[in-house]
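Welcome! Take a moment to turn the model around on your screen, and then let us walk through it together, one stop at a time.

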Amino acid sequence: MTTFEDVLAAQDRVEPRDAMPDGYRATLVRQIAQHAHSEIIGMQPEGAWLTRAPSLRRQAVLLAKVQDEAGHGLYLYAAAETLGASREELLDALHTGRQRYSSIFNYPSLTWADVGAIGWLVDGAAIVNQVPLCRCSYGPYARAMVRVCKEESFHQRQGFELLHTLSHGTPAQHAMAQEAVDRWWWPSLMMFGPPDADSPHSAQSTAWGIKRFSNDTLRQRFIDQAVPQAEALGLTLPDPDLRWNADKDEGRGGYDYGAIDFDELRAVLRGDGPCNAERLAHRVAAHEDGAWVREAAAAYAAKHARPARPEVA
Ligand code: FAQ
């Protein structure tokens, strides 16, 4: 009989009906739920600009992007359902503060340029984190990530294009783009989680093939991609210590960077970020306002339920 350990050793996928340790199931539910909640709460900062987009084209693109994030949340809740966690249960855990969502969505989107900075930096960081998850050991999560990553690539590109347009526009537009990048840079680096030495889950998640690279490795990869992209945008990154270091990563090279304020990440995780209370309150209100839709859907389903199949003799 093939065991869980055999599947991991062969780099095969663990599927919903396979035997798995309780801890593996609980870790996946924790991470997938947190990821799903991030996609759903993550609609808020950009959603705030939907009615204020500067042109019909920008509005249509942003609407499609925000809708994509809702879709990602739904694939992820469906992936968690394959582990026995219902959507209602997970939403309740989000609404009562028992489960997390990404720290990044507790920052405000103050100007139109923030839509570009979120696309370029936040989606950019999400892609670097999520591409390895396409190879994670749990089949439904890995497969959901393939489509999510493709869509996030469009999102990142639209953010880059938006910022490029602003950066090469009037001096005021350029300044607005720069100011947005200055505010989103450090929180984007925090998306990768605490430093490896302070990451309680990393060792076990790596042994189980959920994590393929450490928090610091992916953070470094993101920085190395972002620096030349910032140059192409004509914008600067707010870190005077950013410097190419040819010796880094066993001679492959990489950028040195300044100290990240992990106290700030800890504060946001405690609930003390600039928008924690507002984001959760908005989500809970949206859920309550949508109760009639869920009730109507349930009533329709009950009325049109297929009759049970007759017993086969
Ligand atoms: N925010 O031991 P580790 C997106 C928590 S999707 C909040 O390193 P782990 C798309 C962590 O949960 C963004 N909490 O933990 C989009 C744990 O707490 P716990 C979401 C964080 O799990 C774009 C504790 O700290 N992406 O942006 C954060 O091994 C634009 C210890 O940390 C995902 O969820 C944080 N930044 O590694 C949408 C990707 N970092 O549970 C809309 C999947 C750490 O013990 C618009 N997740 N924590 O209470 C992962 O890859 C991992 O869960 C990590 C954390 C890497 C985030």
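Our starting point is V122, which counts as buried because its relative accessible area is 4%, under the 20% cut-off. Keep in mind as you look that this is a predicted model. To find V122, look in helix α6. Now pick out G159, which is 37 residues away from V122 along the chain. In space, the C-alpha atoms of V122 and G159 are separated by 9.4 Å.

Next, let us visit the ligand. How many residues are around the ligand? There are 34, and those that come nearest are Q34, S103, S199, H201 and K211. Two of these names are worth a closer look. H201 has a polar side-chain atom that lies 2.6 Å from an oxygen atom of the ligand. In S103, a polar backbone atom is 2.9 Å from a nitrogen atom of the ligand. You can also look for R100, where an N or O atom of the side chain is 2.9 Å from an oxygen atom of the ligand.

How much of the ligand does the protein bury? On its own, the ligand exposes 1,100 Å², and 91% of that is buried by the protein. Four elements each give two or more residues to the shell around the ligand: α2 (22-41), α4, α6 (113-130) and α7. You have already met α6 as the helix that holds V122. The largest share of the shell, though, comes from α2, with 6 residues. Sorted by class, the shell around the ligand contains 13 polar, 12 nonpolar and 9 charged residues.

Our last stop is an empty space inside the protein. A search of the whole structure turns up 1 cavity of 30 Å³ or more. The volume of the largest cavity is about 40 Å³. Which residues line the largest cavity? They are R58, V61, L62, W112, V115, Q158 and L162. By class, this lining has 5 nonpolar residues, 1 polar and 1 charged.

Two helices are worth tracing here, α4 (56-81) and α7 (139-167), as each supplies at least two residues of the cavity lining. Of the elements, α4 gives the most to this lining, with 3 residues. Both α4 and α7 also appear among the elements that give two or more residues to the shell around the ligand, so try following these helices from the cavity lining to the ligand shell.

Methods: Residues are numbered from 1 along each chain as its sequence is written. This is a predicted model: local features need pLDDT of at least 70, side-chain atom pairs count only at pLDDT 80 or more; totals for chains, interfaces and linings use all residues. Side-chain values use heavy atoms; hydrogens and water are left out. On a 1 Å grid over the protein atoms alone, a cavity is a set of points where a 1.4 Å probe fits but cannot get out, and a pocket is an open set with protein on both sides within 12 Å along at least five of seven lines; lining residues have an atom within 4 Å of a point. Grid points are joined across faces, edges and corners, and a volume is the space filled by probe spheres set on the points. Ala, Val, Leu, Ile, Met, Phe, Trp, Tyr, Cys and Pro count as nonpolar, Asp, Glu, Lys and Arg as charged, and the others, Gly among them, as polar. A residue is near a molecule or strand if one of its heavy atoms lies within 4 Å of it. A polar contact is a pair of N or O atoms within 3.5 Å; within protein, one must be able to donate a hydrogen and the other to accept it, and residues adjacent in sequence count only if both atoms are side-chain atoms. Accessible areas come from the Shrake-Rupley method with a 1.4 Å probe; for residues, only the protein chains shown count as cover. Buried means under 20% relative accessible area, exposed over 50%, partly exposed in between (1.4 Å probe, protein chains only).
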